[in-house]
Amino acid sequence: MRRTPPIVFLASLSALASAAAVAVWVGSYFAPALLARDSAGTDPPTVWREVGLYCGRGRIALFLLRLDYPKLNAPEYEAWSSLNRQYPQPTGWRRVRQKGYQPPSDFLGFGFRRAKERIVSRYPNGSRLVIRSSRNELAVPLWAVVLASGASALWAWRRHRRHGRERRLKEGRCLQCGYDLRATRGRCPECGLEPGPVSKLPEL
Ligand SMILES: [Zn+2]
């Protein structure tokens, strides 16, 4: 038994990815979703991150949100803590309700957007906090994912086939069935394939 060559493994993996991408592509029109995961917050707050994944209308998008907190003074910290107790941070992936979310689109459904903002939070005790936010969004159309994985599968498969032909040619075997042709001239006695002009068989 010969081991599976890595190129065959790559071809199968790419074909599988391509099929999965087609399923996601079709599904994205029926069930658009925006998922997000928050980093564990620190106490006192310093940096807070959120990573999000959007899949809808034939596209997937990734967004990264980062909030930088200023150093809090005592009343600010008190306000922040009480609010934090009241609304504990969600953990794990969660579905975000963001109606009408539009991922960036610059060219053929590909898009990149970077936004830096200052968010002003007002707390019930009158404290005012300025948080710096930075948001990066990257969107890719799913047809491109299907195309890329499909092309990769095709390339790997063709390469594997060509290598197989080259090996058979070198070993003096039939290109079609692999029968040892070193003692034969003309057509293959096993499968009847006529040797083409390229198959120069090595002399015995
Ligand atoms: Zn043959």
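**Confidence colouring**

Start by colouring the protein chain by pLDDT: in this predicted model, confidence is highest in strand E3, at 96, and lowest in helix H2 (residues 74-86), at a mean of 89. Across the protein chain the mean pLDDT is 89, and 95% of the residues reach 70 or more.

**The whole chain**

Now zoom out and show the protein chain as a cartoon. You should find 3 helices and 6 strands. Following the cartoon from the N terminus, you meet the elements in the order α-β-β-β-α-β-β-β-α.

What does the C-alpha trace span along its principal axes? The answer is about 95 × 30 × 25 Å. The radius of gyration is 29 Å, whereas a compact globule of 204 residues would have one near 17 Å. Of the 204 residues, 11% are buried. Look also at contacts between residues at least 6 apart in sequence: 59% of these join residues at least 24 apart.

Next, give two colours to the assigned domains. Domain 1 takes in residues 30-141, and domain 2 takes in 172-204. Their centres, taken over C-alpha atoms, are separated by 66 Å.

**Helix H1**

Select residues 6-30, which form helix H1. Its end C-alpha atoms are 36 Å apart, in agreement with the 36 Å that 25 residues should span at 1.5 Å a residue.

Which residues of H1 are buried? Show the side chains of Ala11, Ser14, Ser18 and Ala21 to see them. A general point about helices helps here: an α-helix has 3.6 residues a turn, so residues three or four places apart point the same way. The buried residues of H1 pack against helix H3 (142-171).

Stay with Ala21 for a moment. Beyond its neighbours within four places in sequence, Ala21 is in contact with Leu142, Val145, Val146 and Ser149.

**Helix H3**

Move across to H3. At 1.5 Å a residue, its 30 residues should span 44 Å, and the 43 Å between its end C-alpha atoms agrees with that. The buried residues to show in H3 are Leu142, Ser149, Ala153 and Ala156. The buried residues of this helix pack against H1, E3 and E6.

Just after H3, select Gly172, which has a positive phi, near 70°.

**The nonpolar core**

Which residues make up the largest nonpolar core? Select Ala21, Tyr54, Ile60, Ala61, Phe63, Ala139 and Leu142, 7 residues in all. Strand E3 (residues 59-68) gives the largest share of this core, 3 residues. In soluble globular proteins, nonpolar side chains tend to be buried together. You have already visited two members of this core: Ala21, buried in H1, and Leu142, buried in H3.

**Three loops worth a stop**

First, go to the loop between strand E1 (33-38) and strand E2 (47-56), where you will find Pro44. Show the backbone there: the peptide bond from Asp43 to Pro44 is cis, with omega near 0°.

Then follow the chain to Arg57, in the loop between E2 and E3. Phi of Arg57 is positive, near 45°, in a residue other than glycine. Is Arg57 buried or partly exposed? Arg57 counts as partly exposed, because 13 C-beta neighbours lie inside 10 Å.

For the last loop, select Leu108, between strand E4 (93-95) and strand E5 (111-122). Leu108 is another residue other than glycine with a positive phi, here near 50°. Its surroundings hold 9 other C-beta atoms within 10 Å, so Leu108 is exposed.

**Arg128 in strand E6**

Finish by selecting residues 128-141, which form strand E6, and pick out Arg128. Why does Arg128 count as exposed? Because 10 other C-beta atoms lie within 10 Å, and a residue is exposed if it has 12 or fewer.

Which residues does Arg128 touch, not counting those up to four places away in sequence? They are Val120 and Arg122. Now add Glu76 to the selection. In sequence, Arg128 and Glu76 are 52 residues apart, but in space their C-alpha atoms are 7.4 Å apart.

Note on methods:
Residues numbered from 1 in each chain as written. Predicted model: local features only at pLDDT ≥ 70, side-chain atom pairs only at ≥ 80, totals over all residues. Helix = DSSP H or I, 4+ residues; strand = E, 2+ residues; numbered from the N terminus. Buried ≥ 20, exposed ≤ 12 C-beta atoms within 10 Å, placed from the backbone. Contact = placed C-beta atoms within 7 Å. Domains from an automatic or database assignment. Core = buried A, V, L, I, M, F, W, Y, C linked by C-beta atoms within 7 Å. Expected span 1.5 Å × (residues − 1). Rg over C-alpha atoms; globule rule 2.2 N^0.38 Å. pLDDT = per-residue confidence, 0-100.
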